[in-house]
Amino acid sequence: TAPADLPGYDLKPDPLTARTFEELEERLREYWRWVDRPSTRAVAAASGNAFSHATVAKLLRDSRDKPPLRLKYVQGLIRGCGGDEEEQQRWVTAWRIVDRGGRGHLRVLSDPDPEAPSDVYKRQHASRLAFRRPRGGRRGSARPRSGSRR
């Protein structure tokens, strides 16, 4: 893992800001640069056999024939770049949010550290994190249905 940035400078890419797979791929490349660009062979070797060094190169170089960004690739890249379990969990969560298209409920099970970077982001961008109501109706809507008049 790379040394931390100076206090007041948090330059480590935040995967939770990604809203598309393209943005998440870019954050992965930023993370790889942030940890000082380990070789593709080193990343593949430390990934837990998530992929070959050729696949790492395709993902990091944004190659035309790169494979779709699968969950195991995200986790393997972060692990291969020295990310710990907590870091891997952040990236896996970001992948799952993007994979769901940002739909569904955002459940926060606990709030152990109100100043954790992801919690600060949630507070600052609450309107962007307000996900759509699940399908199945307009319960609680005060608006009349289209075509009816009151």
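Author: Helices here are DSSP runs of H or I with at least four residues, numbered from the N terminus. The model under discussion is a predicted one.

Reader: How is the backbone to be read just after α1, and what phi does D36 take there?

Author: The general expectation is that most residues other than glycine have a negative phi. Directly following α1, D36 departs from this with a positive phi of about 80°. R37, which lies in the loop between α1 and α2, is not a glycine either, yet has a positive phi of about 50°.

Reader: Which phi does N49 have, and is N49 buried or exposed?

Author: N49 sits in the loop between α2 and α3. Its phi is positive, about 60°, although the residue is not a glycine. N49 counts as exposed because its relative accessibility is 73%, and the cut-off for that class is over 50%.

Reader: How does one judge the geometry of a helix, and what span should α1 have?

Author: The expected span is 1.5 Å times one less than the number of residues. Helix α1 covers residues 21-34, 14 residues in number, so it should span 20 Å. The C-alpha atoms at its ends are 19 Å apart, which agrees.

Reader: Which residues of α1 are buried, and what covers them?

Author: The buried residues of α1 are L24, E25, R27, L28, R29, Y31, W32 and W34. Their cover includes α2 (40-46), α3 (53-60), α4 (71-80) and α5 (85-99).

Reader: E25 appears among the buried residues of α1. What is its relative accessible area, and which residues is E25 in contact with?

Author: E25 belongs to helix α1. It is classed as buried because its relative accessible area is 10%, where the cut-off is under 20%. Apart from neighbours within four places in sequence, E25 is in contact with D62, K66 and L69.

Reader: How should the nonpolar core be read, and which residues have the most contacts inside the largest one?

Author: In soluble globular proteins, nonpolar side chains tend to be buried together. In this model the largest nonpolar core has 26 residues, and F51, L69 and L77 have the most contacts inside it. At least two residues of this core come from each of α1, α2, α3, α4 and α5. Helix α1 provides the largest share, five residues. As for F51, its contacts, not counting residues up to four places away in sequence, are V43, A44, V56, Y73, G76 and L77.

Reader: How many cavities of 30 Å³ or more does the structure hold, and which residues line the largest cavity?

Author: There is one cavity of 30 Å³ or more. The largest cavity has a volume of about 30 Å³. Its lining consists of E25, L28, R29, L59, L60, L69 and L77. Both α1 and α3 supply at least two of the lining residues; α1 gives the most, with three. L69 and L77 thus serve two descriptions, since they line this cavity and are among the residues with the most contacts inside the largest nonpolar core.

Reader: What is the average pLDDT of the chain, and where is pLDDT below 50?

Author: pLDDT expresses the predictor's confidence in each residue, from 0 to 100. The chain averages 80, and 67% of the residues score at least 70. Over residues 127-135 the pLDDT is below 50, and this stretch has 18 contacts in the model beyond near neighbours in sequence. Residues 137-144 also stay under 50, with seven contacts beyond four places in sequence.

Conventions
Residues numbered from 1 in each chain as written. Heavy atoms only, no water. Buried < 20%, exposed > 50% of the residue type's maximum accessible area, 1.4 Å probe, protein only. Contact = heavy atoms within 4.5 Å. Core = buried A, V, L, I, M, F, W, Y, C linked by side-chain atoms within 4.5 Å. 1 Å grid on protein atoms, 1.4 Å probe; cavity = no way out; pocket = protein on both sides within 12 Å on 5 of 7 lines; lining within 4 Å. Points joined across faces, edges and corners; volume = space filled by probe spheres on them.
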